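Colleague: Can we walk through this model together? Put it on screen and I'll fire questions at you.

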Amino acid sequence: GVAVLTLCELGDYERAASVGLAHLDTAQRRELGSNCYLIEIPLAWAELGRGQLDRARHYAASALQTLQQLGATGLWLAQAHTVSARVAIASSQPEAAAEHSEQALAQFGTSASRKIVARYNALVREERSTVRALPSARAGLALTTAASESIALSKLEPISTITITVDGPGE
């Protein structure tokens, strides 16, 4: 999955999709089952970058289903909701965009880093501006967001640059 995300960040969506599909095929043939979400989320980003919204929606939905069946919370579930929100925004589906934006942000409690919360607040803000521009916004679609509206926001991209340090044995 990391190779696919790296290719996405480099803007090489065609190659990212090709690599992702090959990895997913291998994982499915080897019956890795629930671990396929680790490939499906980056593959959804690649397909979104290629403009293949139906394919992106399929991989994001598959990853979400797996993560929900596992009872997962946190960063991976947030990523699945984030790519789902981005696909919904690109597909002019404001209700789905609102739901996934809120679900992504809900994965982080008060202990989440300000940078992560800012990225997800950026998604909610983008979704809000998209909703305002669409006719269904007049139907009263409303969102609530975390209280960190004043955080300086950066462009939301797949989170692939977070560094996690874990002390191993003997350290």
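Colleague: Okay, where is glutamate 31 found?

Modeller: Glutamate 31 belongs to a loop, counting helices (H or I, at least four residues) and strands (E, at least two) as DSSP runs numbered from the N terminus. Bear in mind that this is a predicted model, where local features need pLDDT of at least 70, side-chain atom pairs count only at pLDDT 80 or more, and totals for chains, interfaces and linings use all residues. Residues are numbered from 1 along each chain as its sequence is written, and side-chain values use heavy atoms, without hydrogens or water. The loop in question lies between helix 2 (13–29) and helix 3.

Colleague: And is glutamate 31 buried or exposed?

Modeller: Its backbone is a bit unusual to look at: glutamate 31 has phi near 55°, positive in a residue other than glycine. For burial, the cut-offs are under 20% relative accessible area for buried, over 50% for exposed and in between for partly exposed (1.4 Å probe, protein chains only). Glutamate 31 comes in at 70%, so exposed.

Colleague: What is the relative accessible area of serine 92?

Modeller: Serine 92 is in the loop between helix 5 and helix 6, and has a positive phi of about 55° although it is not a glycine. Serine 92 counts as partly exposed, with a relative accessible area of 46%.

Colleague: Zooming out, how many helices does the chain have?

Modeller: The pattern along the sequence reads α-α-α-α-α-α-α. Of the 171 residues, 42% count as buried. There are 0 strands, and the helices come to 7.

Colleague: Which helices do the buried residues of helix 3 pack against?

Modeller: Helix 3 is mostly covered, with 11 of its 14 residues buried. Among them are Tyr37, Ile41, Trp45 and Glu47. Those buried residues pack against helix 1, helix 2, helix 4 (53–70) and helix 5.

Colleague: How do helix 1 and helix 3 run: roughly parallel or roughly antiparallel?

Modeller: Take the axes as lines fitted to C-alpha atoms over the stretch in contact, with angles from 0 to 180 degrees between N-to-C directions. Helix 1 (residues 2–9) and helix 3 (residues 37–50) have axes that come within 8 Å and cross at roughly 25°. Angles under 35 degrees count as roughly parallel, over 145 as roughly antiparallel, 65 to 115 as roughly perpendicular and the rest as oblique. Helix 1 and helix 3 are therefore roughly parallel.

Colleague: Which helix 3 residues meet helix 1?

Modeller: Contact here means heavy atoms within 4.5 Å. From helix 1, the partners are Val4, Leu5 and Cys8. On the helix 3 side you'll find Pro42, Leu43, Trp45 and Ala46.

Colleague: What about helix 3 and helix 5: how far apart are their axes?

Modeller: Helix 3 packs on helix 5 (residues 75–90) at an angle of about 25°. That makes helix 3 roughly parallel to helix 5. The contact includes Leu38 and Trp45 of helix 3 with Trp76 and Arg86 of helix 5. The axes of helix 3 and helix 5 are 10 Å apart.

Colleague: Last one: how far does helix 6 reach from its first C-alpha to its last?

Modeller: Helix 6 (residues 94–106) has 13 residues. The expected span is 1.5 Å times one less than the number of residues, which gives 18 Å for helix 6. The helix 6 reach in the model is close to that, 18 Å.
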